[in-house]
Amino acid sequence: MSAAAAATRTGALSPAGEEILRAVAPVVLGSLLPADPAARRKALDDAMATVDDYLAHLSLPLQSQARSLLALLHFAPVRMVLLRGRHRWRSAPPERIEAFLAASRRSRVLLLRRTYDFLQSM
């Protein structure tokens, strides 16, 4: 993490939440992220600092909902069902994350559609 990004962190984004968002961001952003590994890492570090700041400025009920959702997505049994395997978010193949997002977007289950909306908005 860059020094500037680390200095601006509020702690609103949990390590588990950051793991999830770091896995989802490249799938969602695709070619918008730099191809160079160092520049890509810095872009993701800066994005995580921005999300952390955004979450810190939400109302307390919305912060609680965001944290609860990220904790649920990090919970091993849930993660295994959503990613269709024993992968942690950070090691899940991008194809699995993309399949999860696509299925969530068109799911008949409101919670999954809302999960998709939340992850896309972050």
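**Figure legends: overview and close-up views**

The protein exposes about 7,300 Å², and carbon and sulfur atoms supply 60% of that area (Shrake-Rupley method with a 1.4 Å probe; for residues, only the protein chains shown count as cover). This is a predicted model, in which local features need pLDDT of at least 70 and side-chain atom pairs count only at pLDDT 80 or more, while totals for chains, interfaces and linings use all residues. Residues are numbered from 1 along each chain as its sequence is written, and side-chain values use heavy atoms, with hydrogens and water left out.

**View 1. The whole chain, with 7 helices and 0 strands.** From the N terminus on, the elements run α-α-α-α-α-α-α; helices (H or I, at least four residues) and strands (E, at least two) are DSSP runs, numbered from the N terminus. The C-alpha trace spans about 40 × 35 × 25 Å along its principal axes. The radius of gyration is 14 Å, which agrees with the value near 14 Å for a compact globule of 122 residues (taken over C-alpha atoms; the globule rule is 2.2 Å times the number of residues to the power 0.38). Of the contacts with a separation of 6 or more, 54% are between residues 24 or more positions apart, a contact meaning heavy atoms within 4.5 Å.

**View 2. Confidence along the chain, from helix H1 to helix H6.** The mean pLDDT is 91, and 93% of the residues reach 70 or more; pLDDT is the predictor's confidence in each residue, from 0 to 100. Confidence is lowest in helix H1 (residues 3-7), at a mean of 50, and highest in helix H6 (residues 94-105), at 96.

**View 3. Trp 89, a buried residue in the loop between H5 and H6.** Trp 89 has a relative accessible area of 0% and is therefore buried (buried means under 20% relative accessible area, exposed over 50%, partly exposed in between; 1.4 Å probe, protein chains only). Not counting residues up to four places away in sequence, Trp 89 touches ten residues listed here in full: Glu 19, Ile 20, Ala 23, Val 24, Leu 73, His 74, Arg 79, Leu 83, Ile 97 and Phe 100. Arg 22 is 67 residues from Trp 89 in sequence, and their C-alpha atoms are 8.4 Å apart in space.

**View 4. Arg 84 and Arg 86 in the loop between helices H5 and H6.** Arg 84 counts as exposed, at 65% relative accessibility. Its phi is near 55 degrees, a positive value in a residue other than glycine. Arg 86 also counts as exposed, because its relative accessibility is 74%. The C-alpha atoms of Arg 86 and Leu 33 are separated by 27 Å, and these residues are 53 apart along the chain.

**View 5. Thr 115 and Arg 113 in helix H7.** Helix H7 covers residues 110-121. Thr 115 is buried, at 3% relative accessibility. Beyond four places in sequence, Thr 115 touches Leu 69, Leu 73 and Phe 100; Leu 73 and Phe 100 are also among the contacts of Trp 89. Arg 113 is partly exposed, with a relative accessible area of 31%. Leaving aside neighbours within four places in sequence, Arg 113 is in contact with Ser 104, Arg 105, Ser 107 and Arg 108. Ala 103 is 10 residues from Arg 113 in sequence, with 8.7 Å between their C-alpha atoms.
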